[in-house]
Every structure is written in structure tokens, then in C-alpha cells.
Amino acid sequence: MDKLYWLDQIKLQDRAKVGDKAFYLSKIIQRGYPVVPGFVVSAEILRQFLENLNSSESLVADLPHSSLHLDVTNWRQLQQVASRLRQEILTATVPQEWVSTIFQAAREWQTGCLILRPTLAVSTANPGMKNISGLLESVFCECEPEAIAFALKRTWSQIFRARSLLYWQHSGINLQQTNLAVLVQPVENAIASGSLTAKPSGWEIEATWGLGIAIAQGEVQPDIYYIQQESGVVLEQQLGNKMLAYGVDDATPRAFSQPVPNSVLTTDHTCLSTYLIQEAQQKQYSLQEQYLQQIIALGTQLVSELGKTFTIKWTIAGHNTSGKLYITQVSPLQSVIPHLHFIRGLGAAGGRVVANALVIINPQQKPEQLPKGVILVVPTITPDWLPLLQQVAGIITEQGGLTSHAAILARELGITAVVNATSATTLIQTGERLLLDGDRGEVYRIKGDSKEEMEKGREENLLSPHHPKPKVPHPAVTFHLPMIATQLLVNLSQSTLVEQVQSLPVDGVGLLRSELMALNILNGQHPNSWILSGRQPELLELWSEQIMQFARAFAPRPVFYRSLDWRSQDLPSLSDNLESSSQSMLGERGTFSYLRNPAVFELELQALASVQQAGYSNVNLLLPFVRTVEEFVFCRRKVEQAFLTEVAQFQLWMMAEVPSVLFLLPEYVKAGVAGISIGTNDLTQLLLGVDREQGQLARVFNERHPAVMSAIAQLIQMAQTAGIPCSICGQAPALYPEIIDKLVEWGITSISVEPEAVERTYQAIARAEQRLILAAARRKLH
């Protein structure tokens, strides 16, 4: 456990680590409001705990990485799964050093009782998600190591209760999107506790004797006070039915009578006791006038922070007439912090960054250069923007999905990005200071005038520098991973990333995107323009050197160079002045364009031949978007004419992304295909009829759709029958690691992912292979 997050020290970038409940309280306490002190055990600790659960059951072993999709209509199965998961957590051991860290910090309060409050942050842009404040409950425990460890497990286990699993499923939330932290606070006896709900039409205060748990559990009917918001005048008050109250053992307010015997009332909160209220006390309001006025005054102050609609929970800690008012919870309303998100889209590339916005309304009017370290806000991004993106700190686009050009470019370059942010260019102005959260898919406006906000900006940029690097795992970590049989490859296009990526535990480059690689050398001109202007030798030299950098870095590991695959509308600034179908959804993509104008394809083959002549035999050719066997045969002949097949190790592969390959693969193999690589991005959009660039169709563009998964399974089986290798290089395995189980089970030869996904994909492959081995061993035994 690296650190605890104290409420008075939590920063903006800590929100996903500490959860919303703790985050909002931290903003209030840091503005000087009375909040019970506390610290947070971060969500990362729960992830580590789950990863270290020592269980042979695949359901448990895969917990931290599973989406945990269940048939929630089968109530019996849901209850069984929930019970099994919770039992695994409750019987596991919390590392002693974690418990010791928490215990030592809590001892500073000199209290005998603690409350552990679940504080959750959900990384999803699901607009249908409702308030989850009542989904998880607080847990009380004695301030002792053993009690703390068990209370921590009880708090964590609630995320796997049947009702929680049902909620995640109905809300479309994957388990990986939930970040559950635990807020630890001291518990003192209270004179009274309750809530204040503010609305423009008026305020309502609820109150009861003792701790607020009596209201939360529905064991009392609280007193209610109706307040006029403008004047603070009490318009009406109603006496509740308050027969019992909760207090801390050995320190109970005198207002209560003797504790109730366990045979009458029981509680599993070991440091709490339940007390009956004396009959005379039951007939009195729980709030003395002075405390009522303090709550009203506090509410009046909070209007300037929270607006006219909010809810807080409060407690008056102390004994009899000597007490102090504290806030225990703040509802997550928009004004609680001046930079709550005002735009939400799809988180395409993770991380957080604070920087000034640069808004470009017309993406066709691409500037020659961009200021360093800005957040680029633009309707859409085409691949020819790549050279400019090296300078930006973040990207916001109004259009696009998780497999759009903007998303793919951002992930490879390690730039925080949010796509499908509706009306972003209208709502954001150039120069505004923004916080971009690529994990949650949210954009925040920051008031950059104050010293506090400028300091937060500097802290964010320390985490996400203006020259962001891809989130590549450190080699020292990845070398300790278990051996795997399935090949793991990496998708690349930028030679500047080679040094960082070459030492990762990968078996080569599964997809070298030539169109993105070439943009760094074309200087804004289409390759045809270079050829027609007599500069072909110069371009050939530049192209060869680019490929050679990858061949040299990964040798003897294979590099699969995918030849050019771009549509005219994707590269508006590189118009070749030839007739183009700019309105076509698909454009003259892939190998069909080679038939129409073979000059550029021939130059690519010459570049590959130059690499071979330089002594590198590890580069293979991957043909994109092949529609017909005739197109493949045309390309194969061109390859032979370039003498590439003279090198024994050379292989000619094709992308399996046009659905016709499901029917034609045996014919392709007869024509000379040595292997296939499944491109899930195009295969999905063509099978489902969904444009991958349209973010508003993100729910429909589902690479886990049964039709897509069936097609992938069929291609793997057909490749095995034909005796050729089958790889997969689309975004699906990186975005949805749970499908890796199926890929390995079906016999995929290799999986190729972005650099940032290498480590988690490696681990997912290892788990999948271990499960297959275990299953085979069990079958042998029986």
C-alpha cells in the first residue's frame, strides 16, 4: 500500500482513486467547512487484493479483469455466484502491512470506533446510470487490526452482492469500470444526526437522536423541519417516532436509557450499541434550537457552493448540550466543485491532462502547426493530422467511436482523448482551461485565475506532460510474466516509439500501419505527387529507411508491414488530384486501389526489397481490405515481380476483414495466401452495417456481437483446416480482454495489440492458457 489519501489533501487527479463520495467531501473540507476527518484506502488496493486471491476457480481468478456478465434473469444462479464471490473475499487474508498502515493512521484519532464508507467512481459514459448512493452500505468496526481487516473485506464484498451485480448489468457497467475505494473515519457519539435536503421550493431537515444509522436502516421515523430557503424561517415541524438510537459502546449520551439486551435488539456493528430512548425524551424534538439554527446557517453558506438544490448528511458529535456540527456526506451535484464535467463523450485513450483549449471548427482547414501542449478540440480527425498531433496534450472530437482514427492515433501516441463529445467545438472556446479525463470520457472547465487552480493544473501536467508517451509497461515488470504459447504481437506506426516498445515481451510487430508511418515523410503531399514530379527515388529512400527502423529494432522477430489502406476522404490534405469518390462510405480502399493505380504499391514493394537487400529477412507483407481472389492474385504477381519471394522467410498475408473471406478463404489459400490477420474493426462494421466512425452508434458497434464472434471463430477454424496461421490485430482484444479466453480456446495463432495493452493482454493470454491446461488435466483425471 503506497499511501493513504487524507480528505484535506486529495487533489483533482485523485478522483478515480478515492471515489466520488470522498472526492466531494474533500472539496468541502478544503474550503473550510466542518467535515469529520478521514482518509481513503484507494480503489487500486481492492484491485491488488482481487488479483492476489488464491483460488483455482476461473470465476475468482479472473475477477479483476472480468466484465462479469451474468444471466441476471436466472435469480438462483445470480445468488449462487454472488454468494461464492463474497465468500472468497471474506475468507481471504488482507496483507498485514495494509492493516498496520490503516490501524496506525486511525490511532491518531484516539477513538475506539471506526466507520468504513464505500466510495465509488464508475468510469462510464452511460447516461442511464442512476444514483448509486444506496447501493453500498457503511460498515462499523472497532479500531483494532483484526476488526479493521474484516470490516475492509465486508465493505469490498458488497460490490459483488446480487443486487450490485444486477445493477451493474442493467446499467451496462463492466466490473473493470468500477473503482471502489473505502473512506475511513472516526465515530464519536452524537447528540443528533440527520440530513438537509435543499430545493428551490424549500428546505427539509430530518433529525433523530444518536447516530444516523437509525434513519439509514429505517428503524425510526425522524423529526422533520420545513424551512423557507430565503429567510431560514421554520415554517413547520413534525415530531417523529424515535424509540431507539445508536451510540458508541462505553460512551453513550445520558439522554438514552440502559442498553437493550441482545435478545431484544441486536446489531452486527461490533463497536455500536442500540439504546431505547426514555419515554419523556421520545416526546421531544431531537434538535435543540441552537443546533437547528447552526444547520440552517450551514445550509445558507453551502448555497453559494452547491447551488439551490443539494443534499447533505450531518451529525452533531458530543454529549448532551456540548456538541459540534459536522458534515458526513455531500450529494454529487454539479456545483459542488467548479470543474464538474460539462461535456461527456467516450473515453478513447486514458489519462488526465490540464491545458488550454485550441478549437478548430473546420477540420478541412488544418493549420501548418499547432501550439505545444494544447488540448485540441475539433469535429473529427483524419489520419493526415498525425504529424500535428505529436505536439498536443489532449484530443477532443465531436465525432468518432472507440475504433475511429482519432481513438487509434491517440492510443498509439499515448495522448489523452475523448471522442463523440457532442457540440464540443460550440461549448468550448479557444484559451479556456480544461481538465480532460480520458478514463471517464469527461471534460471539465477549470477556473484558471486562482492560485489554487493554477497549482492543480501544474499537478495534472506533471502526470500527463505536453509530450505524452504511450503508457508502455516497464520491461522490468513484464519480464516476470509467465511463459505463454500464443504469440503476442504489437501494433505500431511511429518509429519514434520503437525504442520504448522493442524491449517489451512481444514476438514481433503484428501490424505496421504504413499509411500512418508514411505521413511522417510525405510532407503533406500524396505519394502520387512525389512520383509525378520525378521525386520517386527520394521517396523510395525515405520509405525504405522508415521500414528498416522497425526491421532493425525487432530482428529477428517478424514485422508484418500492411501496405497502404486509405480513403480519399481520410486524407483531404493529400489529394492526388485524381478522380475520387469522396462521398463513398468505403472509398477505393485496399487492394482495389492498387489495380486502379499500381504505382504507389509498386514503390512500397521496392522499399520492402531494399530492406531485404540491406540484410533484413524478417519483414512480411500484409495486404489490406482484399475483396476478391482476383485482387489478391494481382498483388501476388506484383510481389513476385519485385523478387520479394526470393527470400525464403518472406510471407504474403492478407487482412481478413471483408466478410467475403468467410466464403473464399480456401480459394485465397490456393492462390498463395500464407496467413491471415483478422481486422475486427472493419469486420464488425461490415457485418453489422455500422459506421465505426459514428460515436453515437457505439452501443451498436459491438465487436462482441454473436455474429462477429461467430465469424472470428469460423476464420480461425478455416485457417487451421488450411494449415495457415491466423492472427488478430483489431481493437477488440485490447478493448475487451475477456474475449481472449475464446480466442485462445479456438486456437488463435497470435494476438496483436497497442503498446499500452501489451501487459494486460499478456496476462489475459496466460490465464486463458492456464485454464485450458487445468481443464484438460481434469478431463484426464476423470
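**Notebook: sheets, helix packing and cores**

I began with a single pair of facing residues and noted that Cys113 stands opposite Glu142 in β4. Cys113 led me to strand β3 (residues 113-122), which I found running antiparallel to β4 and joined to β4 by four bridges. I should record early that this is a predicted model.

I then looked up the sheet around that pair, which is open, has five strands in the order β1-β2-β5-β3-β4, and is paired in the antiparallel sense. At its edges I found β1 (5-6) and β4 (139-142), each with a single partner strand, so one side of each is left without a neighbour in the sheet. Searching for a helix against this sheet, I noted that helix α2 (residues 43-51) lies across β2 (39-41) and β5 (178-186), and that α2 runs at about 115° to β5.

Next I turned to another open sheet, in which six strands follow the order β9-β8-β7-β6-β13-β14 with antiparallel pairing. I listed its edge strands as β9 (234-238) and β14 (322-330), since each of these pairs on one side only. I also took down the turn between neighbouring strands of this sheet, which is 20° on average when direction is ignored. Within the sheet I followed strand β6 (residues 190-199) to strand β13 (residues 310-319), to which β6 is joined by eight bridges in an antiparallel arrangement, and there I found Ser195 opposite Lys313 of β13. Helix α10 (residues 289-306) lies across β6, β7 (202-209), β8 (223-227), β9, β13 and β14, and I recorded its direction as about 145° to β13.

I made a separate entry for strand β12 (residues 272-277), which is mostly covered, with five of its six residues buried. Its pairing with strand β10 (residues 244-248) is antiparallel and extends over five bridges, and I noted Tyr275 in β12 as the bridge partner of Ala245.

For helix packing I looked up helix α5 (residues 96-107) and helix α6 (residues 145-157), whose axes are 9 Å apart and meet at an angle of about 105°. That angle makes α5 roughly perpendicular to α6. On the α5 side I listed Trp98, Val99, Ile102 and Phe103 as making the contact, and on the α6 side Pro145, Ile148, Ala149, Leu152 and Trp156. Sorting the contact of α5 with α6 by class, I got nine nonpolar residues, with no polar and no charged ones.

I then asked which residues have the most contacts inside the largest nonpolar core. In that core of 94 residues they are Trp543, Leu621, Leu623 and Ile676, and helix α19 (residues 536-554) gives the most to the core, with nine residues. Apart from this core lies another, of 48 residues, and I noted Val94, Leu135, Ala149 and Ala151 among them. Returning to Ile676, and leaving aside its neighbours within four places in sequence, I found Ile676 in contact with Trp653, Met654, Ala656, Leu665, Leu715, Ala719, Ile724, Pro725, Cys726 and Ser727.

I closed with totals for the protein chain, whose secondary structure comes to 28 helices and 30 strands. Of its 782 residues, 57% are buried. Taking contacts between residues at least 6 apart in sequence, I recorded that 69% join residues at least 24 apart.

Note on methods
Residues are numbered from 1 along each chain as its sequence is written. This is a predicted model: local features need pLDDT of at least 70, side-chain atom pairs count only at pLDDT 80 or more; totals for chains, interfaces and linings use all residues. Side-chain values use heavy atoms; hydrogens and water are left out. A nonpolar core is a set of buried Ala, Val, Leu, Ile, Met, Phe, Trp, Tyr and Cys residues joined through side-chain atoms within 4.5 Å. Buried means under 20% relative accessible area, exposed over 50%, partly exposed in between (1.4 Å probe, protein chains only). Helices (H or I, at least four residues) and strands (E, at least two) are DSSP runs, numbered from the N terminus. Contact means heavy atoms within 4.5 Å. Two strands pair if DSSP finds at least two bridges between them. Axes are lines fitted to C-alpha atoms, for helices over the stretch in contact, and angles run from 0 to 180 degrees between N-to-C directions. Angles under 35 degrees count as roughly parallel, over 145 as roughly antiparallel, 65 to 115 as roughly perpendicular and the rest as oblique. Ala, Val, Leu, Ile, Met, Phe, Trp, Tyr, Cys and Pro count as nonpolar, Asp, Glu, Lys and Arg as charged, and the others, Gly among them, as polar.
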